[in-house]
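Trainee: I would like to learn how to read a structure like this. Please show it to me, and then we can take the features one by one.

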Amino acid sequence: VCIHRVRSCSGIRFIKSKYVCVFDKSALKFSHQQRLFRTSAVSRGQIVQFKLSDIGEGITEVTVKEWYIKEGDSVSQFDSICEVQSDKASVTITSRYDGIIRKLHYNLDEIAFVGKPLVDIEIDASKGVAPEEDVVETPPMSHEEHTHQEIKGHKTLATPAVRRLAMENNIKLSEVIGTGKDNRILKEDILNYLAKQTGAILPPSPKAEIVPPLPKSETVPAAPKDRARKIPVPVSRPIVFSGKDKTEPITGFHKAMVKTMSAALKIPHFGYCDEIDLTQLVQLREELKPIAQIRGVKLSFMPFFIKAASLGLLQYPILNASLDESCQNVTYKASHNIGVAMDTEQGLIVPNVKNVQVCSVFEIASELNRLQSLGSAGQLGTNDLSGGTFTLSNIGTIGGTYAKPVILPPEVAIGALGKIQVLPRFNGKGEVFKAQIMNVSWSADHRIIDGATMARFSNLWKSYLENPASMLLDLK
Amino acid sequence: MVLQASLKNCLQLSCILRTPKAGFRSTTSRSLIIQSTSNDVYQNLAVEDWIHDHMNLENQQVLFLWRNSPAVVIGRHQNPWQECNLRLLRQKNIKLARRRSGGGTVYHDLGNINLTFFTSRKKYERMENLKLVVKALKALRPQLDVHVTDRYDILLDRHYKISGTAAKLGRTTAYHHCTLLCNADKFVLSSVLKSPYKGIKSNATPSVPASVKNLFEEDPSLTCELLLDAIAEEYAAQHQTDHHVTIINPADETVLPGINNKTKELQTWEWVYGKTPKFSISTCFNMVYKDSVLDVKVDMDVKHGRIEVCNIDLPEQWLPPALCSELVKSITGSKFCPTETTTLAATLLRVCPQDGELQSRWNLLCENMITLM
């Protein structure tokens with residue numbers, strides 16, 4: 001008995017022709033029952049009890065571990081319904097029907113029984129009910145891993161992946177025009193065949209291997225004979241964009257940023273920018289890098305920037321201060337705990353190097369290494385992340401020149417460092433030379449810091465870095 | 001074009017599959033033995049997923065051989081906090097992975113071999129697979145006392161577990177995988193599989209601890225290579241196929257299109273931690289501050305790996321109550337994860353009165369909270 005059924009589609013689903021071949025007596029009985037169902041069916045869909053099928057190995061009970069759907073959801077045949085577990089085996093139960101879930105017979109962690117109803121699915125009356133047997137195509141398709149198959153004496157070349165796609169959509173390979181080498185049927189051919197039938201662009205399948213059909217203009221030019229074979233393209237197709245807005249609550253790192261930045265809003269920021277010639281520092285670092293390497297420490301530019309900032313803060317301690325809530329008192333912090341903005345997988349974190357005022361450049365480098373490895377492993381402690389008094393953000397490692405950094409309360413100043421670029425500059429003799437230029441952008445709290453202070457601090461910091469030898473004079 | 005290339009390699013893979021025995025075109029069993037070049041647990045688990053989702057196993061079976069660098073692998077429905085020492089894992093840089101099959105937690109390192117038997121759903125049969133492994137072991141070393149229990153474990157000398165089993169069944173395909181301890185680090189194994197977290201109440205599948213032993217301890221001449229070879233040979237014999245092991249690279253998109261997405265998914269926090277069944281923690285800890293010892297009681301509900309409900313009971317006025325409730329409000333909805341909690345705690349500190357005493361108390365409380373995660 002062969003029953004040909006055409007199911008209507010709704011929305012962006014496409015028309016599928018379904019060939020059903022029923023060989024079994026019991027199935028015949030079932031189809032007879034169907035007819036009875038249909039004659040007595042109401043305009044609403046019929047509720048079918050989807051029973052938990054045999055798991056194998058004589059198992060009769062399983063525990064329901066996760067539901068993938070809830071009551072009211074619509075499902076398609078082969079969609080995952082739930083995950084059950086039995087004795088070290090995790091089983092994905094998939095739907096046999098298309099329809100709407102009306103009832104879940106078990107809660108999480110309850111025991112479900114093989115052969116008893118698992119869910120109730122409401123099926124559209126006009127669609128009818130699929131038989132208990134799996135869908136089989138006539139003639140039965142060979143599932144061997146051959147690359148060609150003989151149907152009606154006609155060899156169809158197709159890979160297993162393409163075959164599977166065809167089987168899942170109940171397409172006879174003999175009806176598809178192959179555009180590959182030797183008339184081989186490609187994935188696109190299957191998709192085009194389907195598109196032809198429906199006149200709509202197929203929504204991308206959840207399975208990774210199925211690729212949405214490429215617009216004709218993007219197709220790589222195939223062999224001449226392929227170009228000659230025209231694949232009919234529907235002229236005006238409604239462009240269906242299936243993207244949806246996604247709203248999710250703000251948690252974790254983002255929540256932390258929201259809190260910090262909302263507090264920072266209360267601070268009246270002013271900016272001050274400048275250009276630093278790092279030519280000498282670049283050379284110095286090249287010389288010192290191997291020495292640090294021997295000691296097991298990776299030396300970047302940051303330790304120099306940090307130490308120079310600390311030396312500057314000794315002269316302008318107001319930049320290392322904190323204003324209280326009521327703006328009545330300013331506290332000059334004794335320790336220079338200089339924060340370094342770090343970009344991790346999860347987001348922005350700012351650990352700080354404690355007491356830079358008593359650390360050598362090497363010690364700062366070593367501490368930075370420690371913070372960086374902890375940061376990337378997600379193991380920074382609260383102590384590393386709190387107590388900062390001044391912050392530097394080396395955004396230049398990613399890119400950019402000038403920036404407008406936001407002060408991290410309770411601090412009163414922050415500096416953003418751009419990337420180091422090789423640019424032409426004039427020296428004292430009026431000659432053009434290659435200079436390593438980096439831009440710095442400072443932001444400060446204008447309630448207690450004035451422009452002159454910031455400028456002088458910046459000049460001092462700049463002079464230390466442009467002429468690293470001068471740092472020696474003031475190093476403590 | 002990517003499609004053409006993948007097609008070509010699909011053909012290559014299927015050509016390999018197609019090798020018929022001399023002149024005899026078997027339509028029944030043509031099985032395949034494959035081995036991974038990678039020691040990355042996520043990549044190898046992704047290969048399992050790929051085969052499960054994309055290969056047609058109606059008339060063919062596959063044996064997949066793989067080994068991982070140090071990793072702890074929990075079952076699909078397990079709770080990592082209950083099963084292992086996450087702090088130790090992070091310190092030692094041991095990976096944590098959640099597989100898609102059920103069962104308990106295992107420790108993998110290069111001294112442990114993993115075997116996955118892929119069949120169609122109908123042909124799923126774990127006992128047969130394990131008997132095959134035992135047969136291979138006995139063929140290699142007849143004096144080995146190994147047997148399969150009805151819990152699908154393989155025991156050495158009737159007492160020591162050398163293999164654990166888990167399985168995954170889909171709509172049309174199924175796989176059964178098991179471990180085999182050859183020369184794993186038992187010391188690390190026992191320390192990472194011991195959970196220090198107290199007060200967890202959960203319906204997650206618990207692991208059943210067992211005494212383990214390495215085959216190497218029983219017979220020092222045994223190596224992973226020897227075992228893999230013996231098992232492959234036995235499999236080839238039983239499935240009437242060539243004893244030929246195909247090497248595959250789990251990062252190769254041309255042979256396994258879409259594999260890298262699968263690998264990525266297995267590494268996401270949402271999969272590894274977020275899939276933990278709902279659980280609650282009810283515990284207390286002592287904090288030593290200056291000269292006093294304080295009792296702190298914490299109650300939390302964690303769902304999808306995120307803190308749903310949180311309650312911290314502190315001695316009165318030890319910390320400003322407003323700050324405490326801010327902390328609770330902050331971490332509610334966030335991941336049950338030390339990094340997130342640390343970040344949130346540090347942020348909150350920025351916006352509260354700058355008092356050294358307060359800061360050190362705050363840090364102490366937060367450090368202790370984080371030890372729960």
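Trainee: Which strands make up the open sheet of 10 strands, and in what order?

Mentor: Strands of a sheet pair through backbone hydrogen bonds, either parallel or antiparallel. In this predicted model, the order is β9(A)-β4(A)-β6(A)-β7(A)-β10(B)-β11(B)-β6(B)-β2(B)-β1(B)-β13(B), and the pairing is mixed.

Trainee: Which strands stand at the edges?

Mentor: They are β9 (111-113) of chain A and β13 (245-248) of chain B. Each has a single partner strand, so one side of each is left without a neighbour in the sheet. As for the turn between neighbouring strands here, it is 25 degrees on average, direction ignored.

Trainee: How many bridges join β2 of chain B to β6(B)?

Mentor: Five bridges join them: strand β2 (residues 62-66) of chain B and β6(B) run antiparallel. For a single position to look at, find Phe64(B), which stands opposite Thr116(B) in β6(B).

Trainee: Which strands of the sheet does α5(B) touch?

Mentor: Helix α5(B) packs on the sheet and touches β7 (89-94) of chain A, along with β6, β10 (165-169) and β11 (173-181) of chain B. The direction of α5(B) makes about 35 degrees with that of β11(B). Another helix, α8(B), lies across β1 (32-36), β2, β6, β11 and β13 of chain B, and runs at about 20 degrees to β6(B).

Trainee: What is the order of the open sheet of three strands in chain B?

Mentor: The order is β7-β8-β9 (chain B), and the pairing is antiparallel. Its edge strands are β7 (146-148) and β9 (160-163) of chain B, each of which pairs on one side only. Neighbouring strands of this sheet are turned by 35 degrees against each other on average, direction ignored. Strand β8 (residues 154-156) of chain B is joined to β9(B) by three bridges, and the two run antiparallel. Within that pairing, Leu155(B) stands opposite Lys161(B) in β9(B).

Trainee: Which helix lies across β7, β8 and β9 of chain B?

Mentor: Helix α5 (residues 126-140) of chain B does, running at about 175 degrees to β7(B).

Trainee: Let us turn to rings. How many aromatic pairs does a search of the whole structure find?

Mentor: The search finds 16 over all chains. One of them joins Trp81(B) and Tyr273(B), a tilted pair with 5.5 Å centre to centre and 50 degrees between the planes. This pair links distant parts of the chain: Trp81(B) is in helix α3 (residues 80-83) of chain B, while Tyr273(B) is in the loop between α10 (269-272) and β14 (279-289), 192 residues apart.

Trainee: Are these two rings' residues buried or exposed?

Mentor: A residue is called buried when its relative accessible area is under 20%. Trp81(B), at 1%, therefore counts as buried. Tyr273(B) has 15%, so it is buried too.

Trainee: Where are Phe117(B) and Tyr235(B), which form another tilted pair?

Mentor: Phe117(B) is in strand β6 (residues 112-120) of chain B and Tyr235(B) in helix α8 (residues 224-238) of chain B, 118 residues apart. Their rings are 6.1 Å centre to centre, with 45 degrees between the planes. Phe117(B) counts as buried because its relative accessibility is 3%, and Tyr235(B) because its value is 1%.

Trainee: Which residues form one aromatic cluster in chain A?

Mentor: They are Phe301(A), Phe305(A), Phe390(A), Trp442(A), Phe457(A) and Trp461(A). A ring can also have a charged group over it: the charged end of Lys116(A) sits over the ring of Phe113(A), 5.5 Å from its centre. Likewise, Arg295(A) lies over the face of Phe362(A), at 4.5 Å from the ring centre.

Trainee: Where is Asn85(B), and what is it in contact with?

Mentor: Asn85(B) is in the loop between α3 and α4 (86-92) of chain B. Leaving aside neighbours within four places in sequence, its contacts are Ser191(B), Val192(B), Lys194(B), Ser195(B) and Pro196(B). With a relative accessible area of 15%, Asn85(B) is buried.

Trainee: What does the UniProt annotation say about residues 57-243 of chain B?

Mentor: The unreviewed entry labels them "domain: BPL/LPL catalytic". Over these residues the chain is 28% helix and 28% strand, and the end C-alpha atoms are 19 Å apart.

Notes:
Residues are numbered from 1 along each chain as its sequence is written. Chains are lettered from A and ligands numbered from 1 in the order in which they are written. This is a predicted model: local features need pLDDT of at least 70, side-chain atom pairs count only at pLDDT 80 or more; totals for chains, interfaces and linings use all residues. Side-chain values use heavy atoms; hydrogens and water are left out. Rings of Phe, Tyr and Trp (its six-membered ring) pair if their centres lie within 6.5 Å; planes under 30 degrees apart count as stacked, over 60 as edge-to-face and the rest as tilted. Helices (H or I, at least four residues) and strands (E, at least two) are DSSP runs, numbered from the N terminus. Buried means under 20% relative accessible area, exposed over 50%, partly exposed in between (1.4 Å probe, protein chains only). A charge sits over a ring if NZ of Lys or CZ of Arg is within 6 Å of the ring centre and within 35 degrees of the ring normal. Two strands pair if DSSP finds at least two bridges between them. Axes are lines fitted to C-alpha atoms, for helices over the stretch in contact, and angles run from 0 to 180 degrees between N-to-C directions. Contact means heavy atoms within 4.5 Å. UniProt positions are given in the numbering used here, feature names are shortened, and annotations may be inferred rather than shown by experiment.
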